[in-house]
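Visitor: Hey, can you walk me through this one? I'd like to start with a pair of helices.
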Amino acid sequence: MKQVVVHPERCVGCMQCMAACAVAHSLTKHLHTAVMEKPRPRSRVHVGVGLYNEGFPNRCRHCSPAPCMLACLSGAIFRDEETATVLINPDRCINCASCAMACPYGVIRFHEKWDAPPGKRVAAKCDNCDERRAIGLIPACVEVCKSNALTYEEMDGAMKHKTDEVARTVSAAVGEDSPIPAGLALLSGAKKAQLATHNS
Amino acid sequence: MEYVILGNGIAGVCAAETIRGLDSEGSIRMVADEPVTPYSRPMISMVLAGEVSEDKLPIRNRTFFKDLNIKPVLGNRVTGIDVDKKEVMVQNGASLAFDKLLIATGADPRPIKAEGMDRKNIFYMRTQAHVQEMLKVLPDVRKALVLGGGLVGFKAAYALMQRGLEVSMLITSGYPLSMQVDEAAGGMIRKELEKFGLNVTVGMSVEAFEGEGAVTGAILSDGTHASCDLVVVGKGVRPACSFVPGDQIDKDLGIVVNEYMETSVRDVFAAGDVAESMDISRQEPWINAIWPEAVAQGRVAGANMAGRQVPYKGSLSRNVMRIFDLDLMTMGLVNPPPDSEFEVITAHDQRRKTYRKLVFRQDILVGAVLINNIDQGGIFMGLIHNEVPLHIPKSLLAEPTFNFKQLVI
Amino acid sequence: MDAIYDRYTVTEDGRMLLKKAEKDQVETVWDRHEAQQPQCGYCETGLSCRNCVMGPCRVDPFGEGPQRGVCGADADIIVARNLIRMIAAGAASHSDHGRDLVEVLLKVAEGKAPGYAIKDPDKLRRLCGEYGLAVDGKDDLTLAGELAHAMQEDYGTRQSSVTLLSRAPEQRRAIWEKVGIVPRGIDRETSEAMHRTHMGVDNDWVSILLHGMRNALSDGWGGSMIATEVSDILFGVPEPNKSLANIGVLKEDQVNIVVHGHNPVVSETVVTACQSAELLKLAREKGAQGINLVGVCCTGNELMMRHGIPMAGNHLMTELVLVTGAVEMMIVDYQCIMPSIGQTADCYHTRMISTSDKAKFPGMEHHEFSPENAYEKAKELVRTAVENFSARNKNRVAIPPVQPQEVVSGLSVEAIIKALGGAPDPLIEAIKAGKIRGAVGVVGCNNPKIKHDYGHTQLTTQLIANDILVLDTGCVSVAHAKAGFKTLEALEKAGPGLKEICGALGIPPVLHVGSCVDNVRILVLVAALANALGCDISDLPVAGSAPEWYSEKAVSIACYFVASGVFTHLGPMPPITGSMNVVKLLTEGLEDVVGATFAVEADPQKASRVIIRHIEKKRKALGLDAREA
């Protein structure tokens with residue numbers, strides 16, 4: 001079964017995945033109308049920053065067993081056995097944040113959403129774009145990621161891809177065929193130096 | 001195989017499910033005094049508040065017992081255990097033989113010593129039944145007195161305020177939630193509560209209740225009088241294990257278990273609010289009577305009872321609550337002894353209205369208090385629970401931008 | 001949380017005000033910078049393009065995703081187009097600022113600008129000479145009109161080159177000619193830059209970047225230079241003066257008025273209005289001890305240079321100045337005024353005033369200034385400010401208790417030459433003798449990416465300790481002023497040679513030459529030095545540096561420095577790393593084209609070594625003694 005695979009080293013921090021995710025989870029499913037919806041749709045993928053302000057698309061791993069599911073006081077969190085996706089029933093959710101206390105990745109947020117009872121904040125997180133996949137689309141975050149930081153593939157394929165990449169890095173002579181393009185290496189060095197001034 | 005589970009709270013339920021997952025044949029019997037399908041105890045205050053209807057309380061289907069082929073023995077307290085004969089005695093006179101026994105009887109409210117406790121409209125808040133009783137009298141009361149500034153006290157006070165009552169809270173210690181938070185956070189919480197109309201009095205307890213029949217007031221420890229027509233006592237809980245023979249099964253604060261949730265007697269296990277296990281952050285035996293530990297302990301006990309050796313790492317105190325516009329999350333050891341090896345980092349941002357206190361033992365996070373911006377709290381939990389040595393500056397954890405990525409350079 | 005503020009700024013007043021901002025629930029530029037993290041990598045690398053609506057497009061810097069925009073532009077083209085648009089915006093800003101001054105000059109000539117006058121007729125006549133205008137027998141106003149018209153010609157398209165290029169050494173002009181980057185008209189080059197970057201025009205990234213150099217030169221030797229020179233004509237050539245800097249210049253018992261922005265046209269009239277006896281009397285009636293006018297940013301620099309008006313802070317301090325709660329009014333003109341400050345002021349009694357129809361801000365009252373009404377407007381505003389004194393909320397006032405730092409300012413080229421005894425020779429001799437190793441223009445902005453004022457002060461500490469004379473402008477000059485570099489006492493921090501020479505001349509080791517538009521004073525000075533030595537600017541042991549730059553104007557300045565032959569260091573990385581071709585051209589290739597390159601280094605200690613190495617290399621090439629760097 002295909003899954004969303006995160007390649008953090010390729011994230012450029014553009015946050016397009018966040019915008020696409022919010023639109024995918026909106027009522028109207030179109031950017032221009034989604035931004036006018038009330039409640040405003042929100043992203044379930046969260047681009048956080050690393051130690052050097054590098055981007056990182058943080059999303060639900062759909063753990064098994066899922067700590068959030070075990071911690072849920074109201075039985076709102078469940079697993080769809082067919083897709084192995086951990087889902088939240090907004091009608092049962094009591095917004096207690098017990099799941100946030102359990103989630104080791106910090107990917108659960110609490111807010112109103114169009115498909116929850118009006119005026120009620122509920123827990124929200126990645127649902128693997130189950131609605132989109134049901135009609136043959138790939139997850140929205142993957143669709144818009146142009147640097148391949150998010151891919152949708154068979155886990156086996158992803159692992160092989162990764163292994164090959166590491167092998168190439170190891171076998172390549174220093175400075176030759178570096179996995180990081182020269183310009184990006186330059187930029188990341190410059191950004192580290194900029195940040196370092198704050199600790200001086 | 002004969003499994004007997006005492007208690008149908010979440011620990012017992014999780015144990016039963018785990019056993020059934022590993023052993024489809026064995027007989028499982030569950031004995032419990034509450035004659036209902038398993039329900040979410042932490043949610044009863046939301047029923048009191050009117051935020052959740054009672055039908056949302058059950059955490060398992062009505063057909064739970066049937067689906068898992070469990071024989072329920074409900075409405076019955078256990079009166080004793082014969083360890084040698086491997087039998088438990090039940091209130092109705094029956095005795096049940098077991099090969100493997102789980103004691104998951106939970107805890108009962110800690111009673112208070114005050115005169116006039118027999119007045120009407122004085123309640124504990126522990127069970128669905130307690131809440132049902134309170135709901136019955138709600139239309140006739142105006143002025144509530146909540147004893148205790150702990151979690152139950154808070155939840156009760158919040159619920160009654162939602163119902164439009166005038167609520168006063170008496171706290172014996174110097175600030176609210178003194179078991180869960182430090183003084184700074186306690187102060188912020190108190191301010192928030194008062195902002196929304198709760199009367200909070202610290203360093204005060206009740207000597208006696210007054211009233212003919214129903215309660216009409218209380219005499220406080222400073223001799224003053226407080227009028228009230230409803231009292232909720234929330235002074236903590238104590239393990240429900242009086243029926244356990246202490247000369248055979250080791251008891252301390254609760255029933256002492258080893259890392260497989262087994263008591264000092266072979267084939268007798270304990271889990272949930274009744275069990276005393278090793279506390280990860282305190283590094284000493286402790287009872288953390290909280291829902292997620294009951295789930296974890298029930299699952300571990302169930303696995304071990306069904307013959308699959310699964311160790312339990314230890315327990316950890318933790319709580320999360322939303323107090324009006326203020327979110328509070330607290331975990332592990334938050335008030336370390338002042339001398340000590342512990343390093344404490346605090347960050348109070350007045351503009352963002354956030355507070356973070358982080359307690360470290362060397363490079364390992366052992367406790368945290370978060371006020372607002374609690375989304376990342378689970379990461380702290382993971383760090384504490386897994387005793388992960390930190391390789392990044394500790395101060396980063398106190399910053400609003402802290403997130404998972406910063407741990408995986 | 002205090003530790004956070006240590007990481008934000010090196011300044012004591014800044015840290016105190018950040019703490020107060022937190023308490024007062026005021027958001028600052030640092031909060032917003034933090035909220036923006038991570039910043040978009042496509043934009044950081046220059047690989048996003050929204051020049052047309054077949055797009056927007058972005059190129060995957062990892063090489064797997066899209067490598068061309070919809071139009072077919074590759075990384076090199078997109079990066080080059082984006083960069084030149086930054087140059088064009090920067091050049092447009094300076095040059096439009098210059099145009100506004102030329103218009104005032106014309107209005108003065110026409111007698112339609114009461115409150116303005118020709119303050120320096122000598123400079124007017126010198127400029128007319130440079131513009132080839134006959135001066136004999138003509139009065140100032142006639143000349144002012146003719147000069148204004150001649151300068152307006154520089155903005156147009158009818159010339160083959162911008163007039164003041166004549167100030168550059170002959171060798172330099174020959175290079176521009178050869179490379180084909182002689183700026184023809186100020187507006188023309190900006191206009192052409194926008195044309196070239198339209199879809200389907202210039203798609204040779206080298207050609208785009210060379211035009212960028214031409215566009216920058218049209219700013220440095222055109223628009224900016226006109227801005228500075230006309231300001232001198234109208235408001236006087238700056239002369240050495242003593243002033244004060246840091247937040248301590250605000251006075252608790254006076255009406256505090258802050259001017260912010262870049263163009264002295266408005267603020268000069270405010271200076272006059274603040275001296276009005278009638279308004280001073282009103283201030284006393286309102287319980288204030290006086291009217292205290294202070295500057296921030298480059299409008300502040302303009303007033304400090306010419307009048308010794310005290311300086312409250314630079315770019316990253318502009319919000320914090322309001323957080324004192326002690327500002328009755330802030331009057332802004334344009335450029336670098338954060339759109340947030342109207343909201344910042346909302347938390348206090350401060351009246352916020354915008355003055356130019358091309359620069360309006362949320363939360364500000366607009367009072368359009370024109371040459372015709374400026375003085376009357378200024379008086380009206382100062383009166384409003386004085387009346388606002390009684391609205392001050394004493395509970396919200398907290399001016400950090402810092403002692404204002406003494407400053408020597410006003411070192412225009414004319415003033416420097418005068419200090420040297422009338423000719424640049426003593427400076428040249430000192431350089432030849434190796435007592436002064438060279439000179440560096442440390443210029444530019446603040447940027448929350450770099451700890452506030454850390455880059456400036458650290459770099460300059462190293463430079464002067466190594467006997468390098470520092471000239472500063474813009475926000476850097478405020479950082480230096482606050483750090484005490486612009487006093488004779490600072491000579492103690494200078495190397496022995498620099499200390500000896502500056503000590504003998506009675507000048508500090510760091511010279512305040514003006515606002516950021518006044519970077520052209522540095523061009524004029526290096527051109528004069530090269531001319532005196534008979535060499536090109538690129539042969540001189542000089543460099544430029546912008547350790548904390550942020551703006552498009554800074555890009556244009558850096559490019560005109562490099563195109564004029566001055567090696568230039570940048571602290572923050574410009575958005576070019578998406579194309580290593582562009583990076584290599586700017587950091588290496590340009591050496592063979594214009595005799596100078598860029599270097600990027602955020603660490604000021606490392607940057608100082610790069611700069612010192614460059615200066616010693618240039619000394620060696622000139623046959624002077626060179627130290628091992």
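Guide: Sure, and keep in mind that this is a predicted model. Take H10(C) and H22(C): their axes cross at roughly 110°, and that falls in the 65 to 115 range, so the two helices are roughly perpendicular to each other.

Visitor: Where do I find those two, and how do the axes come together?
Guide: H10 covers residues 205-235 of chain C, and H22 covers residues 519-533 of chain C. Their axes come within 8 Å. The crossing is left-handed.

Visitor: Which residues in H10(C) and H22(C) meet?
Guide: From H10(C) you have C:Gly220, C:Trp221, C:Ser224, C:Met225 and C:Thr228, and they meet C:Asn519, C:Val520, C:Arg521 and C:Leu523 in H22(C). By class, that contact has four nonpolar, four polar and one charged residues.

Visitor: OK, new topic. How many residues of chain C are in contact with chain A?
Guide: On the chain C side there are 33, in contact with 27 residues of chain A.

Visitor: Which helices of chain C supply that side?
Guide: H4 (41-44), H19 (454-465) and H24 (580-594) of chain C each give at least two residues. H4(C) has the largest share, with three residues. The side of chain C that touches chain A has 14 nonpolar, ten polar and nine charged residues.

Visitor: What about sheets, say in chain B?
Guide: There's an open sheet of three strands in chain B, in the order E18-E20-E21, with mixed pairing.

Visitor: Why do E18 and E21 each have one side without a neighbour?
Guide: They stand at the edges of the sheet and each has a single partner strand, so one side is left free of a neighbour there. E18(B) runs parallel to E20(B), joined by two bridges, and B:Ile255 stands opposite B:Ala275 in E20(B).

Note on methods
Residues numbered from 1 in each chain as written. Chains lettered and ligands numbered in written order. Predicted model: local features only at pLDDT ≥ 70, side-chain atom pairs only at ≥ 80, totals over all residues. Pairing = 2+ DSSP bridges. Helix = DSSP H or I, 4+ residues; strand = E, 2+ residues; numbered from the N terminus. Axes fitted to C-alpha atoms, helices over the stretch in contact; angles between N-to-C directions. Parallel < 35°, antiparallel > 145°, perpendicular 65-115°, else oblique. Left-handed = near helix turned anticlockwise from the far one by under 90°. Contact = placed C-beta atoms within 7 Å. Nonpolar A, V, L, I, M, F, W, Y, C, P; charged D, E, K, R; others polar.
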